[in-house]
Amino acid sequence: MIQNQRFSFRRIALFALGLLLFSSVSFDSKAQSDGVDLFKNNCAACHKIDQDLVGPALKGIAERHDEAWLIKWIRNSQAVIASGDQYAVDLFAKWNKVAMPAYDWSDEEIKSVLAYIKEQETATTAATTATGDPLKDAEALVAGDDAFPMSTLLYIIIFLAAAVIYLLVRMQKQYQNSYENQVEKGQLDPEKLIEVKPRIKIKPGYMVVGGLGLFLLGGIGWGIDVAQHVGIQQGYQPSQPIAFSHELHAGKHEIQCSYCHTGVERGKSATIPAVNVCMNCHNQIKTSSPEIKKIAAAYENNKPIEWVRIHNLQDFAYFNHYQHYKIAGIECQTCHGPIQEMPEVYQHSNLTMGWCINCHRETKVNLDNGYYQQVHGDSEKFKNALTEKGLTIANLGGLECSKCHY
Amino acid sequence: MDIAQKKYWRSVEELNASPQFIEESSKEFAEEIPVDELLSENSLNLNANRRDFLKVFGFSVTAATLAACTKTPVKRAVPFVQQPEEMSPSIPTWYATTYSDGYDYASIIVKTREGRPIKIEGNTFSGISQGGVNARVHASVLGLYDNARLQHPTKSGKITGWETLDSEVGAQLAEISAAGGAIRLLTGSIVSPTTKKIIGDFKAKYPTASHVVYDAISQSGMLEANKATFGSAVLPTYHFDKAEVIVGIGADFLGNWISPVEFTKDYIKNRKVSKANPTMSRHIQLETILTVTGSNADQRATYQASKEALVVTNLYNAIAALAGAAPVDTTAYDVAGNTIKSAAKELWAARGKALVVCGSNDAAVQTLVNAINQLLGSYGTTLDMSVPSYLRQGIDADMVNLVKEMNEGKVGALIMHGVNPAYDYHDSKAFLTGLEKTKLTVSVSQFTDETASKSKYVAAASHYLESWGDAEPAKGYYSMQQPAISPLFDTRSFEETLLAWTGNKTSVYDYLKANWKSNSNELDFGAFWRKALHNGVAENAAPGSQPAFSANVAAAAAAIKIESAEVELVTYEKMGIGNGAHAGNPWLQELPDPISRACWDNYLAVSMKYAKDNALSDGDIVKVEANGYSVEVPVLIQPGTFAGTVALAVGYGRTAAGKTGTNIGANAYPFRKGASVKVNISNTGLKTQLAQTQTHHTIEGRNIVKETTLDRYKENAADGNIRPYVNVKQEDGSTKKVYPGISRNAVTLWDRRDYEGHHWAMAVDLNACTGCGACVVSCQVENNVPVVGKEEVIRRREMHWMRIDRYYAFKTTGSDQKITKEEEYDNIQEGDNVEVAFQPVMCQQCDNAPCETVCPVLATTHSDEGLNQMTYNRCVGTRYCANNCPYKVRRFNWFSYVDNSKFANNPAQTDLGKMVLNPDVTVRARGVMEKCTFCVQRIQAVKLESKRNNRRPLDGEVQTACQQSCPSNAIVFGDLNDPDSAVSQLFLNERAYGVIEELNVLPSVNYLTKVRNKKSTVA
């Protein structure tokens, strides 16, 4: 019942939070959602709402400038500076003459970004008990208090069972002893009693053999378990030459994964960013940090950083990041885990074939893609899929060997 | 004999069908499993007793456990410091460039992965090579990663620096020049205008310098003849596509003659027949030995090598008679079946659309050939002198003269590039003594070859994929050469080195660009330059009027001297090895010759009659002696050879061609002193085994190659394509013909499959395939196919995923001619009167695949796109699948070719060689089966690209490696489920058939019957 109560309390909190957010949502929720994407994909790498980054904090920007000026500035900041606008010139000088890229956006798009910024201002100022991120709170809620892991539960049950058996045996022994004592002392007449003998008499020898047997079985089970994990590096968390934190970059600062891992937009490898990508921001930010100094040194001495590779998929398996990220729209976290919470990255998934296959069995294919419509559109199963439950990758041959092994 | 029932045979052994051969041929694998050999690798003794067994068993279990306990090695991921814009890991980048080594020319595109060039394909923008690439150009990418490459400049064999070399060579050149001593620049044919300009600068700096062009296999005769008849020593460009009648006289133009890829592309345009256009050119080939060109001819006849000039003079006279011109004075001669006279009639009938080509290197003979073409009105149509070809420029007399000068001590300095006269000059001894008398000898070479090792200085040259340059193979057909990788070693290109010695500090790139800019009248040169580099070509050829023709044919005919012998020796070039410059390339060494199917050796090709008369059999080692030079080589009985002629390939017998190419075969260049030489052949009594592929099995009289003639095709497009059927009894008691190869509803053991998405399939036009072998090398490069070496090929363990089967059949002159038993017997005795058919065979990806049903571990399974998938990690090596494959396309990894020291020739054995591997294709381990996958990695890549573009793959978007590299466009690949795709259309073609389709395995590869343009009524 306590659980239930807590649960309902959380539910109410979430509802309240939702209401709060909804009330703060500006007139055009569509525009605002465009603004979120535009901001996160383009602005967030250099700007935060309440904090200076590569560029200034954007809090109160609507007060500082009128909308027309902002639109001009976002479209082409260099043109504004060139036009001799004093504020723009000063701003450019103050921020070490780092030019802001020009964005060829429509007025609506820019307005949506501004709306998002304004929206965020109120969100950060509104002190709520929640973290301020509806997504995270919802996640926390769904996860709830982690149930006991299965294995722990099993161990406890086994322990309890063993204890009960032990107690029963002890009790039986004590009963036997007291019975014999009483018979000896003549307090009881065995003749008059109905004989109650334990049905099973456990000899110590049996105990030993049974114990050994159990031990052996356990050993074999453990051995199989170990053997099945040979070569699996799940949880592998080597220390890296530079203490780069995904928690800080992807989590706190919400930089898009593909901002640095550009390969996911194009090809098989997600690619570890080149040093010059780090230096895009870090020639300005936190240049005094010892870790950043290492990057700067690598950049100046033209010495690449030797990261330790964490995810080592076997060479005979072909995996293409682009296909999964862009075509299928799989989130990075699906395979890489809560990367935005990892100060040091570890291998989240086991990367075994069973793991791949399982996902291919469960994941539905995005049938809107013209490829599937034009290639599979005439088939019965495709037509059924449109009305019923959809098609998994496995339904379209996604479990076949030569889809991944060439 | 009905053509459809024509008897084909693959080898002389099969024709003779000895009991031993039949016994051997029934086995899929030549030998029993070499258990002893395999176990001895671990020094295990098979005769172990129980205690030993337990010891070894215990040890290996412990060792395996311990080995499994080692820590997983830490792998590093090292990104760039500055990410280059054009390079991203895992994404291939293509560059257009040019291959031109004075022997082969091709405009190409190079695939680079992570900065490494790994594959070469043809550039379809080129008007010369037209997207075609031959086996040598395909294999040239491996030259980049050759361990035998020179990594530094050397002086007297010791490593030196460029500064030392430049200052010493520069000082000596200045000294020699000042003293008036001759400086000679010896190179192969150079087609690069910029290189020629740099040579001009060099000659300006050193006024005593002159440039000598030397081609090991030259067209000197034709150049001189053209100089005499047209006033300029250049070759014409040929237009085989415009020729309706082609007569080749000893010119292997589909093989190695001048520009074979260009000629194949053109030739094949007129050889593809369809119902809409049931015409094809008529090709008559007169030759001495069986060549690829002769194999593809509609009519072929042989002549004695020394009588080549008589063939030309008699052809001239026959045509002159028809044209009303004066005949020349000559001895009357004709080949079998009066072919010269009938060819003359056909040529004359097709005048204006006729072409005669001749491989002779005699200026007088070539003058007569020019005169023939002039009579036929070929100039301006099938031949063009207004757009000359610069592919061969060497004049033999120049080289003779140079060697003479050197021996007289008149040459002060000799700078050599792209030539190897110490190996391939017919009088290499004279050249070497001359070299000793030359004060300064410099080789600009990639390898310490026979010549470079005798030169004082060797300026290590860069590979062509590391260098800038340009080329003009024919007037106005410019192509660009750009590097695809930085030089791997401390090397410089020839141009860089020459510029340094000229005292010019400009980089080759700047020089090249400036040269182009100065010759360009483009308004926006920057845009033009970028486009030229991007496309790889900048063509502005403008055919003009033909130069005036004047030839003294009578004098030319009088200059011809015929010297015949009972047995004559000819030398020739093989498809893979060619002139021998790339003998160190294991892919080329292992490429079976299209005709003889032999690899890793050269051999004396003799006719069946000669072998019978002299009691020789395959592998007998004979001593061949002529002009005081002799070699000992094995004999190979080659049907189609003129009975009085024996042939030996050049390009072998290298003494300094790296680990792979050294001491393979015997050098035939010293025999090339004359057009043909009298030769003494004596049996040494020794015997060896030749590494031949394909001769191991019989075809059991099955109808594997189907063919017809053009006349019959016009009447019935399905002629010759008799499809197997079974009579199936119907319910009403009647019988109905069911064609298992066509009908998917035939009774079958297999589950019926519905391919709902794609159904990949391939069609191969037997009429187009010339058998050149480019696809075999292309497949090898694309799919990381290992090189196994001669010993293993002899054991039938070659690993090529595709092969080109060559079939012989006895010639039938007319479409309805009957061959009696007696005639057939005579034919078997003579054996030289053959017709040839080529058939590329790759995995047929059967819908009802027999291999799949016998695999006990499901390592080979069927995909729902019609592919027969091979899963290496599941394979336990039972080889049941190979035994059950009707097409014999499965290959077994007997060894670990990547680390077993027995296979040192396999490129994947060294760190440098590994760079050529395709990272998208698994390198297979020992003990697993492998086979053609239809280039599944390319299919998957295109499917992904289609998903990106929100559409189905376009027809022709997926190109298999073999298809892309085929110079004759014989292979078409696509989706059978797309009714409009080219392959779907071809599968419905009347000529289409599946090989042994009566088995109802439903192969996904169909072949189109071969159509020969035979004349049934020849006068």
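I will talk about one helix of chain B and then about the contact between chains A and B. Please keep in mind that this is a predicted model.

Let me begin with α7(B), which covers residues 193-205 of chain B. At 1.5 Å a residue, its 13 residues should span 18 Å, and the C-alpha atoms at its ends are indeed 18 Å apart, so the expected and computed values agree. The residues of this helix that are buried are Thr194(B), Thr195(B), Ile198(B), Ile199(B) and Phe202(B). Because they cover an arc of only 145° around the axis, they lie on the same side of α7(B). That pattern fits the general geometry: an α-helix has 3.6 residues a turn, so residues three or four places apart point the same way. On the other side of α7(B) we find Gly200(B) and Ala204(B), which are exposed. As for what the buried residues pack against, the partners in chain B are the strands β8 (182-187), β9 (209-213) and β19 (469-474), together with the helices α17 (494-502) and α18 (508-519).

Turning now to the two chains, 42 residues of chain A are in contact with 41 residues of chain B. On the chain A side, the elements that give two or more residues are α13 (275-282), α14 (290-301), β1 (307-308), α15 (321-327) and α18 (370-376), and of these α18(A) gives the most, with five residues. By residue class, this side of chain A divides into 19 nonpolar, 18 polar and five charged residues.

Finally, β1(A) also pairs across the chains, since two bridges join it to β2 (residues 76-77) of chain B, with the strands running antiparallel; here Trp307(A) stands opposite Ala77(B).

Definitions and conventions. Residues are numbered from 1 along each chain as its sequence is written. Chains are lettered from A and ligands numbered from 1 in the order in which they are written. This is a predicted model: local features need pLDDT of at least 70, side-chain atom pairs count only at pLDDT 80 or more; totals for chains, interfaces and linings use all residues. Helices (H or I, at least four residues) and strands (E, at least two) are DSSP runs, numbered from the N terminus. The expected span of a helix is 1.5 Å times one less than its number of residues. A residue is buried if 20 or more other C-beta atoms lie within 10 Å of its own, exposed if 12 or fewer, and partly exposed in between; C-beta atoms are placed from the backbone. The arc is that of the directions from the helix axis to the C-beta atoms. Two residues are in contact if their C-beta atoms, placed from the backbone, lie within 7 Å. Ala, Val, Leu, Ile, Met, Phe, Trp, Tyr, Cys and Pro count as nonpolar, Asp, Glu, Lys and Arg as charged, and the others, Gly among them, as polar. Two strands pair if DSSP finds at least two bridges between them.
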